[in-house]
Protein chains: 2
Amino acid sequence: MKVLGIFHKPSLKSVAEKFSEILFDENFHVEYVGSEIPSIEVDLTLVLGGDGTFLKAAHKVRNPLVGFKGGRLGFLSSYTLGDFDKFLEDLKNENFERDIRYFLKAGDFYTLNEVLLIRDPVQKMVDIQIFFQDGDFYFHADGLIISTPTGSTGYSLSLGGPIMLPNVNSFVITPVAPQFLASRSIIVPDDEEIIVRIDQEINLILDGMDFGKVREVNLKKSRRRIVILRPKDYNFSKSIKEKLGYGKRFL
Amino acid sequence: MKVLGIFHKPSLKSVAEKFSEILFDENFHVEYVGSEIPSIEVDLTLVLGGDGTFLKAAHKVRNPLVGFKGGRLGFLSSYTLGDFDKFLEDLKNENFERDIRYFLKAGDFYTLNEVLLIRDPVQKMVDIQIFFQDGDFYFHADGLIISTPTGSTGYSLSLGGPIMLPNVNSFVITPVAPQFLASRSIIVPDDEEIIVRIDQEINLILDGMDFGKVREVNLKKSRRRIVILRPKDYNFSKSIKEKLGYGKRFL
């Protein structure tokens with residue numbers, strides 16, 4: 001891994017340039033540094049920013065990625081910005097774990113975290129029907145979220161969904177504000193095709209990005225995947241404990 | 001399928017005997033009728049009662065099962081008691097779907113729905129640690145429930161767990177009354193071994209039955225399975241809608 005790209009959120013320009021200089025001194029070739037990603041294949045893209053920045057990069061590149069975040073780790077980032085020296089050591093020794101994450105295909109589009117179907121703030125509540133292999137469910141609600149294991153710690157969690165370990169072969173479906181006494185998530189195997197039909201056009205949001213209005217969408221696991229480089233001591237439960245404080249010993 | 005057994009909850013004795021007579025008239029051989037299950041292999045065991053009665057039968061027999069319940073269907077029952085004529089037609093034509101459910105192995109014991117680890121009412125809250133392949137979680141709580149997809153509509157649901165379609169290859173872990181602002185379920189692939197350690201002895205309850213006190217238990221998917229016969233028009237989402245009223249159109 002000698003040819004690198006650096007993608008950063010705009011506010012991290014000077015940090016990105018500093019990283020680039022250090023990498024140059026260590027005889028790595030930095031093909032680009034910027035807050036836009038050019039269509040150039042590199043061996044590894046460094047992403048400086050939070051999970052939102054990382055998702056943008058994941059949609060754009062096909063090569064491996066490694067994420068750096070200020071403060072505490074995000075779920076998709078592998079190092080904090082302050083940990084660059086440790087990353088440099090790992091890079092020189094190619095001492096990484098490869099964390100592979102699959103995309104969900106929504107119609108012709110791809111999403112790594114989730115598909116969110118959501119009404120506009122002034123729009124009436126919608127009737128949503130979900131069809132899978134062996135049945136169907138119906139909700140009168142503001143919308144619906146279908147999340148991958150990767151997305152289960154994102155907006156799906158905020159809507160009450162469970163935490164899925166990254167290697168679970170399932171999607172989680174959760175209605176948004178259903179007109180019912182309770183909201184409960186439904187876990188569906190990821191080898192099933194899911195069809196969602198809505199009685200009106202609502203917003204299709206993939207990984208936080210607007211994909212227009214739809215009344216129907218077909219969902220299935222994609223063969224497209226990304227490789228995230230992780231330090232050898234990475235484990236998923238650690239990031240849950242650090243970021244959410246959940247499942248953690250406080251004493 | 002000519003040799004049948006009938007297992008019933010005590011209050012359904014007269015219904016069971018009536019079913020037995022009808023089956024006899026139709027040239028089926030009923031090997032036993034009773035509220036105990038003898039160690040006799042039959043082609044099919046009819047179970048008259050709710051999900052609790054069905055679980056007892058599932059622990060005892062290795063042959064296929066079919067459940068009958070008064071009123072509305074249970075999750076494990078396939079026909080209501082009033083639907084016996086429909087069942088008889090299906091039996092004569094061997095017109096069934098085979099619904100296969102796996103057991104979870106807890107130490108040396110088996111459980112179809114769930115493993116519940118729970119303190120006694122006067123006992124102090126416990127410290128629970130859960131270890132799986134890539135990490136661990138810790139809870140200070142009353143206990144912990146580890147459920148199969150089959151058990152996800154049972155007590156796990158009451159404790160806030162998600163609904164899992166029967167063909168999901170995962171377990172769901174939910175703390176019972178954790179001392180934290182929120183309780184959230186964790187989905188773990190069913191090919192992982194899970195170890196649970198508690199700082200004190202607490203009750204081990206498998207499918208609602210008492211298995212004494214433990215401080216540690218190893219959990220993994222078992223190769224043991226049961227076959228539940230279902231009518232051809234059975235689907236899981238229908239029973240969720242009928243029993244829980246969830247995901248159902250009310251208008």
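## The A–B interface

Put chain B and chain A together and about 3400 Å² gets buried between them, with 60% of it on carbon and sulfur atoms. Keep in mind that this is a predicted model. On the chain B side, the residues that lose the most area to chain A are B:Tyr138, B:Arg184 and B:Tyr246, and together they account for 22% of what that side buries.

As for the head count, 43 residues of chain B are in contact with 43 residues of chain A.

## Polar links across it

Two salt bridges turn up across the interface of chain B and chain A. A:Lys241 makes a salt bridge with B:Asp136, where the closest N and O atoms sit 3.3 Å apart. There are also 22 residue pairs in polar contact across the interface, both partners at pLDDT 80 or more.

Which parts of chain B supply at least two residues each to the side that touches chain A? The strands are β9 (126–132), β10 (135–141), β12 (163–164), β13 (170–176) and β14 (186–189), and helix α5 (236–244) does so as well. By residue class, that side of chain B splits into 22 nonpolar, 13 polar and eight charged.

## A helix pair inside chain A

Over in chain A, helix α1 (residues 13–25) and helix α3 (residues 84–92) have axes that come within 12 Å and cross at roughly 35°. The crossing of α1(A) and α3(A) is right-handed.

From α1(A), A:Phe19, A:Ile22 and A:Leu23 meet A:Phe84, A:Leu88 and A:Leu91 of α3(A). That makes six nonpolar residues in the contact of α1(A) with α3(A), with no polar and no charged ones.

Notes:
Residues numbered from 1 in each chain as written. Chains lettered and ligands numbered in written order. Predicted model: local features only at pLDDT ≥ 70, side-chain atom pairs only at ≥ 80, totals over all residues. Heavy atoms only, no water. Axes fitted to C-alpha atoms, helices over the stretch in contact; angles between N-to-C directions. Helix = DSSP H or I, 4+ residues; strand = E, 2+ residues; numbered from the N terminus. Left-handed = near helix turned anticlockwise from the far one by under 90°. Contact = heavy atoms within 4.5 Å. Nonpolar A, V, L, I, M, F, W, Y, C, P; charged D, E, K, R; others polar. Buried area = accessible area lost by both parts, 1.4 Å probe. Salt bridge = Lys/Arg side-chain N within 4 Å of Asp/Glu carboxyl O. Polar contact = N/O pair within 3.5 Å; in protein donor to acceptor, adjacent residues only side chain to side chain.
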